[in-house]
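Student: Please take a close look at one helix of this model and its surroundings. Which parts does it pack against, and how does the nonpolar core around it come together?

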Amino acid sequence: MALRENTALLLREMRLERGLSQEGLAKASGIDRTFISGVERNRRNITLDTLDRLLAALGVDSHRFLCLLADREKTKGSR
């Protein structure tokens with residue numbers, strides 16, 4: 001569960017760093033805003049295809065995202 005939670009938190013942080021609303025990310029990615037909200041609140045399980053679309057809309061390389069996620073997993077672990 002920590003992996004999904006950390007993915008949700010990291011996606012939200014990246015979205016906010018870029019000054020995007022959920023609506024803005026939804027338009028850029030073609031993913032419904034309510035789904036993005038559910039992902040960020042750790043209520044929805046995300047597929048790799050959806051993650052790829054969100055990362056593309058955020059302008060984040062998947063390798064960089066996975067490295068940041070791995071670092072988060074090491075330091076925060078499960079809650």
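Tutor: Contact here means heavy atoms within 4.5 Å, and helices are DSSP runs (H or I, at least four residues) numbered from the N terminus. The model is predicted, with local features requiring pLDDT of at least 70 and side-chain atom pairs pLDDT 80 or more, while totals for chains, interfaces and linings use all residues. Residues are numbered from 1 along each chain as its sequence is written, and side-chain values use heavy atoms, leaving out hydrogens and water.

The helix to examine is H3, spanning 33-40. Six of its eight residues are buried (under 20% relative accessible area, 1.4 Å probe, protein chains only), leaving H3 mostly covered. These buried residues are Phe35, Ile36, Ser37, Gly38, Val39 and Glu40, and they pack against H1, H2 and H4. After H3 comes asparagine 42, with a positive phi near 60 degrees.

Two residues of H3, Val39 and Glu40, are touched by leucine 11. Leucine 11 also touches Ile46, Leu51, Leu54, Leu55, Leu58 and Phe65, when residues up to four places away in sequence are not counted.

The wider setting is the largest nonpolar core, a set of buried Ala, Val, Leu, Ile, Met, Phe, Trp, Tyr and Cys residues joined through side-chain atoms within 4.5 Å. Leu11, Leu54 and Phe65 touch the most other members among its 17 residues. At least two residues of this core come from each of H1 (2-17), H2 (22-29), H3 (33-40), H4 (48-58) and H5 (62-76). H4 provides the largest share, four residues.

Technical notes: Buried < 20%, exposed > 50% of the residue type's maximum accessible area, 1.4 Å probe, protein only.
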